[in-house]
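Me: I should like to understand how the terms used for a protein model are justified. May I put some questions to you?

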Amino acid sequence: MLAEKFDFVHISTGDILRQEVRSGTPVGTKVEEIMNSGALVSDQLVAEIVGDRLGSQDVPPDILLDGFPRTVPQAEYLESLPGDFEQIAVNLHLSEEEVVKRLAGRRHCAGCGRIYNGYYSAPTEEGICDGCGGGLLQRPDDVETVVRERLRVYQEQTRPLIEFYRSREGYFEVDGSLGMDSVFEELSSLVAGHQSRAWGAGVDRNKSDRLQGES
Ligand code: AMP
């Protein structure tokens with residue numbers, strides 16, 4: 001929703017890795033078992049994936065990084081990339097029990113990709129997509145035991161990022177328990193506020209010139 005609203009290039013490292021697994025590439029074969037166990041894949045591999053995507057853009061677009069960085073070395077890698085770019089980092093916080101419900105209850109349609117949740121937004125007929133009639137699937141890493149392992153890994157490897165970003169400008173916390181519409185509104189106003197401040201300060205002049213030309 002954010003990528004659509006703000007015209008961001010959406011880079012989800014999890015989606016990219018799942019695509020590699022589905023296509024049976026050497027990378028996919030290497031990471032499948034790691035992902036299904038709830039562990040993180042190596043920083044080096046993820047940095048290569050993100051570096052490839054960012055390096056293939058002629059003009060740096062506005063980018064929504066989703067699921068990256070997940071460790072302090074990944075965040076340091078991101079900061080080490082050349083170019084004069086600005087980052088904002090958002091920590092969406094939620095209780096562990098709520099995370100378990102949202103993930104273990106999640107199903108997606110094999111046909112159209114629509115996402116359901118058995119606790120909050122169940123389909124009319126169990127296991128069948130309301131939209132296209134396709135069968136609903138569960139991600140192997142959304143099984144409750146694996147979700148709990150992902151939370152353990154989060155505490156150990158990802159949570160230290162909060163301290164990393166807290167000491168920098170552009171760090172925000174959003175209450176993820178508010179529900180989708182309110183979270184989306186909060187995130188949208190954070191992004192809009194940041195963009196107007198950045199443009200006011202002369203950052204990304206090309207884009208602001210382009211928009212003025214279009215108005
Ligand atoms: P996600 O779709 O973001 O929940 O990611 C699913 C899985 O992909 C994670 O549990 C990891 O195994 C792997 N993964 C995704 N992004 C990263 C990352 N930045 N660093 C390491 N592993 C990742």
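Me: Which helix gives the largest share of the shell around the ligand?

Reply: This is a predicted model, in which local features need pLDDT of at least 70 and side-chain atom pairs count only at pLDDT 80 or more, while totals for chains, interfaces and linings use all residues. Residues are numbered from 1 along each chain as its sequence is written, and side-chain values use heavy atoms, with hydrogens and water left out. Helix H2 (residues 13–23) gives the largest share, four residues. Helices (H or I, at least four residues) and strands (E, at least two) are DSSP runs, numbered from the N terminus.

Me: What makes a residue one of the 16 that surround the ligand?

Reply: A residue is near a molecule if one of its heavy atoms lies within 4 Å of it. By this rule 16 residues surround the ligand, and Thr13, Arg18, Ala39, Gly67 and Gln74 are the closest. The shell divides into seven nonpolar, four polar and five charged residues. Here Ala, Val, Leu, Ile, Met, Phe, Trp, Tyr, Cys and Pro count as nonpolar, Asp, Glu, Lys and Arg as charged, and the others, Gly among them, as polar.

Me: Why is the pair formed by a nitrogen atom of the ligand and the side chain of Thr13 called a polar contact?

Reply: A polar contact is a pair of N or O atoms within 3.5 Å. The ligand nitrogen is 2.8 Å from an N or O atom in the side chain of Thr13, so the pair meets the definition. An oxygen atom of the ligand also qualifies, at 2.9 Å from an N or O atom in the side chain of Arg18. Taken alone the ligand exposes 480 Å², of which the protein buries 94%; accessible areas come from the Shrake-Rupley method with a 1.4 Å probe.

Me: How do you know that the radius of gyration of the chain agrees with that of a compact globule?

Reply: The radius is taken over C-alpha atoms, and the globule rule is 2.2 Å times the number of residues to the power 0.38. For 215 residues the rule gives a value near 17 Å; the chain has 19 Å, which agrees. The C-alpha atoms fill a box of roughly 50 × 35 × 35 Å along the principal axes.

Me: What makes Asp7 notable in its phi angle, and where does Asp7 lie?

Reply: Asp7 has a positive phi of about 60 degrees although it is not a glycine. Asp7 lies in the loop between helix H1 (2–6) and strand E1 (9–12).

Key: Polar contact = N/O pair within 3.5 Å; in protein donor to acceptor, adjacent residues only side chain to side chain.
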